[in-house]
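Here's a quick tour of a small set of computed features, written for someone who would rather look at the backbone than read a long preamble. Have the viewer open as you go.

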Amino acid sequence: MNFVVFGVIAPIAYFVIRYLVKRLVINFLQGLKRNSNIKNMTRCDNCGKFVSEDSIKLVEGKNICTNPGCKNNVKY
Ligand SMILES: [Zn+2]
């Protein structure tokens with residue numbers, strides 16, 4: 001009887017552990033990506049602040065950040 005119970009629980013536990021490990025690895029890799037984004041800092045040509053490349057827009061050949069306070073200062 002114990003043998004049958006282990007035969008059922010062991011595969012389930014195996015898949016649950018595998019799923020948890022996979023999630024941990026994915027979270028870890030996403031954390032690494034986030035960290036590498038922080039390293040890719042670009043200077044805003046308008047306000048001079050260093051912001052991540054995600055929040056930089058190229059406007060007329062200039063790097064303009066998407067900070068609300070900065071947008072208002074852009075002269076088109
Ligand atoms: Zn700016």
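The notes below start with the overall layout and confidence, then turn to one hairpin and two of its residues.

## Layout and confidence

First things first: this is a predicted model. The protein has two helices and four strands, and if you walk along from the N terminus you meet them in the order α-β-β-β-β-α.

How confident is the predictor? The average pLDDT for the protein is 83, and 86% of the residues score at least 70. Going element by element, β4 comes out with the highest mean pLDDT, at 89, while helix α2, covering residues 68-71, has the lowest, at 80.

## Burial and contacts

What share of the protein's residues counts as buried? Just 4% of the 76 residues do. As for contacts with a separation of 6 or more, 12% of them in the protein come from residues 24 or more positions apart.

## The β3-β4 hairpin

Now zoom in on strand β3, residues 56-59, and strand β4, residues 62-65. These two pair up in the antiparallel sense, with four bridges between them. To check the register in your viewer, look for Val 59 across from Lys 62 in β4, and for Leu 58 across from Asn 63, also in β4.

The hairpin leaves two residues between its strands. Glu 60 sits in that loop between β3 and β4, and it's the one to click on if you like backbone torsions: its phi is positive, about 50 degrees, although Glu 60 is not a glycine.

## Buried or exposed?

Is Glu 60 buried or exposed? It has 9 C-beta neighbours inside 10 Å, and because a residue with 12 or fewer is called exposed, Glu 60 goes in the exposed group.

Leu 58 belongs to strand β3, so you might ask how its own count turns out. Leu 58 has 9 other C-beta atoms within 10 Å, and that count makes Leu 58 exposed as well, because the cut-off is 12 or fewer.

One last distance for Leu 58: Asp 45 is 13 residues away from it in sequence, and the C-alpha to C-alpha separation of the pair in space is 9.9 Å.

Key: Residues numbered from 1 in each chain as written. Predicted model: local features only at pLDDT ≥ 70, side-chain atom pairs only at ≥ 80, totals over all residues. Pairing = 2+ DSSP bridges. Buried ≥ 20, exposed ≤ 12 C-beta atoms within 10 Å, placed from the backbone. Contact = placed C-beta atoms within 7 Å. pLDDT = per-residue confidence, 0-100.
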